[in-house]
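Dear colleague,

Please find below the structure that I am handing over to you. A summary of what was found in it follows.

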Amino acid sequence: MKKIVLTKKLNAEMEALFDDVDVKYANVTEGDATVFAKELADADAVLLSTAFKVTADIIENSPKLKVISRTGVGVDNVDVAAASKKGIMVLNTPAANSLSVAEHALAFIGALSK
C-alpha cells in the first residue's frame, strides 16, 4: 500500500476520493516538524504546503519517497538538489495564482490612478 502525507486538512468530499484507492494517507497540518519527518519516513509522496520544509536530512531519511508536490507556485521550502540527487520528482503549480496576481495588479493601477 502506498502512503501519501498531506499537509492540508481535507474536507469530506476530498477524503472520499481515497475511498476506492489502495492508498493510506496521513494528515500533518499543525506545523510539528518532528511529526512531519516521522510520517514522511515511510511515505511514497507528500502534498506539501508552506507549513513545512523538506530538507536534505528529511529526504535522506525517507527512502520510499518518490514525489514532492507543492501546492503553490514556488519550491523554496524544498531542497530540490537533494531531491534530484535521490531521483525524487519535485512538482509545483506555477500558474496557480496568475489570475489573482493580475487582478491585484489591476486593482493597484486603479487605486493609483484615482
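Phenylalanine 36 and phenylalanine 52 are both buried in this predicted model. Their ring centres lie 4.3 Å apart with the planes at 10°, and because planes under 30 degrees apart count as stacked, this pair is stacked. Phenylalanine 36 belongs to helix 2, while phenylalanine 52 sits in the loop between strand 3 and helix 3; at 16 residues apart, the two link distant parts of the chain. In total, the structure holds 2 aromatic pairs.

Phenylalanine 36 also appears in the largest nonpolar core, which has 17 residues. Together with Leu40, Val46, Leu48, Val54 and Ile68, Phe36 is among the residues with the most contacts inside that core. Two or more core residues come from each of helix 2 (33-40), strand 3 (45-48), helix 3 (56-60) and helix 4 (80-85).

Which residues does leucine 40 contact, leaving aside its neighbours within four places in sequence? They are Val5, Val46, Val54, Ile58, Ser62 and Leu65.

Strand 3 pairs with two other strands, as follows. Strand 1 (residues 2-6) runs parallel to strand 3 and is joined to it by 3 bridges; here isoleucine 4 stands opposite alanine 45. Strand 4 (residues 67-70) is likewise parallel to strand 3, with 4 bridges between them. In that pairing, valine 46 of strand 3 stands opposite isoleucine 68 of strand 4, and both of these residues are listed among those with the most contacts in the core.

With kind regards

Notes: Residues are numbered from 1 along each chain as its sequence is written. This is a predicted model: local features need pLDDT of at least 70, side-chain atom pairs count only at pLDDT 80 or more; totals for chains, interfaces and linings use all residues. Side-chain values use heavy atoms; hydrogens and water are left out. A nonpolar core is a set of buried Ala, Val, Leu, Ile, Met, Phe, Trp, Tyr and Cys residues joined through side-chain atoms within 4.5 Å. Buried means under 20% relative accessible area, exposed over 50%, partly exposed in between (1.4 Å probe, protein chains only). Contact means heavy atoms within 4.5 Å. Rings of Phe, Tyr and Trp (its six-membered ring) pair if their centres lie within 6.5 Å; planes under 30 degrees apart count as stacked, over 60 as edge-to-face and the rest as tilted. Two strands pair if DSSP finds at least two bridges between them.
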